[in-house]
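User: Could you take a close look at one part of this structure for me? I'd like to hear how a pair of helices packs together, and then how the sheet is put together.

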Amino acid sequence: MTQSNTADALLLPTEMESAIRSAIHTAERILCVSHVSPDGDAIGSLLGMGWILRHVGKQPTLALADKPARDFDYIPGYDSIVGADQVKDAYDLIICLDASSQDRMGDIYRPAAHSQIPLLVIDHHITNTNFGSLNWVQPKCAAVCQMLVYLADALGAPLEGNLAIALLTGLITDTLGFRTSNTDAAVLQAAMRLTAGGASIHQIVARTLNSRTFSGMRLWGGVLSEAKLEGRVIWATVSQAQRKAARAQDSDGEGLSGFLISAQEADISATFIERTDRAGETVVECSFRAKPGFDVSEVALGYGGGGHPPAAGCTLAGDLQTVAADVVAALRQARQTQAGKQQRERQLARREELLANG
Ligand SMILES: [Mn+2]
């Protein structure tokens with residue numbers, strides 16, 4: 001059964017729909033991949049795409065450069081996700097989900113072997129670099145899992161069972177439980193249809209947003225006590241030593257930026273997490289959040305990262321404190337420029353109002 005409305009048609013234009021349909025139908029060997037450090041939307045859209053493809057008779061390979069957290073093992077198909085060691089050279093089609101640039105696929109995508117293969121990019125990041133041979137980039141969607149609701153409609157895959165659980169996961173995690181500024185009627189309608197198809201909001205929330213480790217809480221306690229607030233930018237650093245002392249897991253720093261932005265005194269938040277990359281180099285993972293009206297995606301893009309106006313990030317080489325000081329200066333500058341622009345717009349609106357009431 002296909003159910004669509006005008007809003008959905010705008011989010012998946014007819015020409016894009018037929019291009020994707022023919023790319024999928026003409027391919028036998030399909031590789032699906034999402035981004036490094038996979039979150040709920042990455043894992044949900046990867047597994048969801050798997051179920052959509054199986055519905056149309058394909059047997060795709062689903063791959064992630066980093067092992068998905070066990071938190072997500074309730075999504076049917078979780079155990080079918082493979083790592084780079086099981087990715088071959090030859091495919092007819094590669095489908096990349098929720099990644100704004102090619103490097104976000106990590107070592108799953110090997111340009112030497114894969115660059116001649118058609119690459120379908122499905123993403124909702126406004127900073128997407130359109131690195132595919134076919135790019136469906138829809139920043140109006142709150143999650144790639146929302147986009148896949150429309151693709152499932154287009155391909156006749158019913159929004160129920162395994163597919164519904166996978167797709168509702170990305171919708172819930174990327175909107176922080178339907179609380180972000182991009183949670184609109186279309187998001188809720190998609191969620192409603194997935195819920196009607198048997199997926200449970202409360203079960204997914206219990207396994208994702210409402211689930212923390214004790215080590216993570218101890219890490220947050222130490223990190224938050226040293227958070228700084230400068231010029232309405234709140235920020236915190238997480239060193240490897242702190243993570244070791246708290247016996248923290250890799251994912252324990254996630255969510256810190258989202259928590260910091262709840263400070264009434266801040267418009268922008270940042271966390272800087274020190275890590276060792278695959279080459280053994282020390283890198284700093286930077287994560288930014290912004291209150292409505294502010295935009296952190298441009299600063300992230302300027303440092304080679306990406307994201308959305310309210311949530312973005314980048315990874316930089318260098319010493320933790322030096323990177324943090326540099327980036328905080330850039331964020332404070334951006335905040336000041338954006339606040340100035342907002343003030344001018346408010347003045348202009350007031351003047352027009354006075355003239356109209358004249
Ligand atoms: Mn996403």
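Analyst: Here is the helix pair, followed by the sheet. Keep in mind that this is a predicted model.

Let's start with α3, which covers residues 40-55, and α6, residues 161-174: their axes sit 8 Å apart and the packing angle is about 155 degrees. Angles over 145 degrees count as roughly antiparallel, so that's how α3 runs relative to α6. The crossing of α3 past α6 is left-handed.

Who does the touching? On the α3 side, the contact uses Gly40, Asp41, Gly44, Ser45, Leu47, Gly48, Trp51 and Ile52. From α6 come Asn162, Leu163, Ala166, Leu167, Thr169, Gly170, Ile172, Thr173 and Asp174. Sort the residues of this contact by character and you get seven nonpolar, eight polar and two charged, with glycine counted among the polar ones.

Now the sheet. It's an open one built from six strands, and reading across you go β6-β7-β8-β9-β11-β10, with mixed pairing. The edges belong to β6 (228-230) and β10 (306-308); each has a single partner strand, so one side of each has no neighbour in the sheet. From one strand to the next, the twist averages 20 degrees.

Zooming in on the β10 edge, its pairing with β11 (residues 311-317) is antiparallel and runs over three bridges. One bridge to look for on your screen is glycine 307 with alanine 312, the latter lying in β11. As a general point, strands in a sheet pair through backbone hydrogen bonds, in either a parallel or an antiparallel sense.

How values were computed: Residues are numbered from 1 along each chain as its sequence is written. This is a predicted model: local features need pLDDT of at least 70, side-chain atom pairs count only at pLDDT 80 or more; totals for chains, interfaces and linings use all residues. Axes are lines fitted to C-alpha atoms, for helices over the stretch in contact, and angles run from 0 to 180 degrees between N-to-C directions. Helices (H or I, at least four residues) and strands (E, at least two) are DSSP runs, numbered from the N terminus. Angles under 35 degrees count as roughly parallel, over 145 as roughly antiparallel, 65 to 115 as roughly perpendicular and the rest as oblique. A crossing is left-handed if the near helix is turned anticlockwise from the far one by less than a right angle, and right-handed if clockwise. Two residues are in contact if their C-beta atoms, placed from the backbone, lie within 7 Å. Two strands pair if DSSP finds at least two bridges between them.
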